[in-house]
Amino acid sequence: MSSRTALYPGSFDPPTLGHLDLIERASKIFDKLIVAVASNDQKSSLFSVEERMEMLHEMTRSLENVTIDKFEGLTVEFAREKNAQALIRGLRVVSDFEFELSLAINNQKLNPAVDTVCLMPSVPYLFLSSRQVKEIVRFGGRVSHYVTPEVEKRLVEKYREE
Ligand code: ADP
């Protein structure tokens, strides 16, 4: 059987332990996992694409079949370029489902050769989002349960700069 590659696209602004949980799960299912930072988001981001890639590199150093990349434009086009057969997405709570379903269906129309695989995180990360992590740090709270020490340090520095 030929090797199976999956692409995990996202904003990762910043990457959390919830993202890492999914990366670890997906890296066990697929031969190769490409974690790709979306760089053409209309959302304004706290960290640059390069900073987000650095944090992901640091978090996944021990995972040999995981690589970090970035992309612009359609996710399915990037998947085609990288010969990925699957897109990894996360489902935390029911409210994620509707968004992820419409995204998956639209991607299926654009490229039927790429399937979306949704994974659920472990319980401690069910209610964790990058947005909430940023809010907590902005108001002086600790997020050491939700991100790596390196990411927490960068968050604190970022808000100190502002
Ligand atoms: P996007 O802007 O593409 O939603 P995110 O970086 O917020 O980018 O998330 C990328 C993917 O990871 C999404 O499918 C999201 O549902 C999933 N995800 C984010 N946080 C978690 C978490 N704590 N547990 C599981 N999946 C998550």
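The legends below describe views of a predicted protein model with a bound ligand.

**View 1. Overall fold of the predicted model.** Six helices and five strands make up the protein. Along the sequence, these elements follow the pattern β-α-β-α-β-α-β-α-β-α-α. The radius of gyration is 16 Å, close to the 15 Å that the globule rule gives for 162 residues, so the protein is as compact as a globular protein of that length. The C-alpha trace spans about 50 × 35 × 30 Å along its principal axes.

**View 2. The ligand in its pocket.** The largest pocket holds the ligand. Around the ligand are 17 residues, and the closest are Tyr-8, Ser-11, Phe-12, Lys-43 and Gly-90.

**View 3. Composition of the shell around the ligand.** Four elements each supply at least two residues of this shell: strand E1 (5–10), helix H1 (17–29), strand E4 (86–90) and helix H4 (94–110). By residue class, the shell divides into seven nonpolar, five polar and five charged residues.

**View 4. Polar contacts of the ligand with Gly-90, Arg-92 and Tyr-125.** A polar backbone atom of Gly-90 lies 2.9 Å from an oxygen atom of the ligand. The side chain of Arg-92 places an N or O atom 3.2 Å from a nitrogen atom of the ligand. At Tyr-125, a backbone N or O atom is 2.9 Å from a nitrogen atom of the ligand. Taken alone, the ligand exposes 540 Å², of which the protein buries 89%.

Conventions:
Residues are numbered from 1 along each chain as its sequence is written. This is a predicted model: local features need pLDDT of at least 70, side-chain atom pairs count only at pLDDT 80 or more; totals for chains, interfaces and linings use all residues. Side-chain values use heavy atoms; hydrogens and water are left out. A residue is near a molecule or strand if one of its heavy atoms lies within 4 Å of it. A polar contact is a pair of N or O atoms within 3.5 Å; within protein, one must be able to donate a hydrogen and the other to accept it, and residues adjacent in sequence count only if both atoms are side-chain atoms. Accessible areas come from the Shrake-Rupley method with a 1.4 Å probe; for residues, only the protein chains shown count as cover. On a 1 Å grid over the protein atoms alone, a cavity is a set of points where a 1.4 Å probe fits but cannot get out, and a pocket is an open set with protein on both sides within 12 Å along at least five of seven lines; lining residues have an atom within 4 Å of a point. A molecule sits in a cavity or pocket if more than half of its atoms lie within 2 Å of its grid points. Ala, Val, Leu, Ile, Met, Phe, Trp, Tyr, Cys and Pro count as nonpolar, Asp, Glu, Lys and Arg as charged, and the others, Gly among them, as polar. The radius of gyration is taken over C-alpha atoms; the globule rule is 2.2 Å times the number of residues to the power 0.38.
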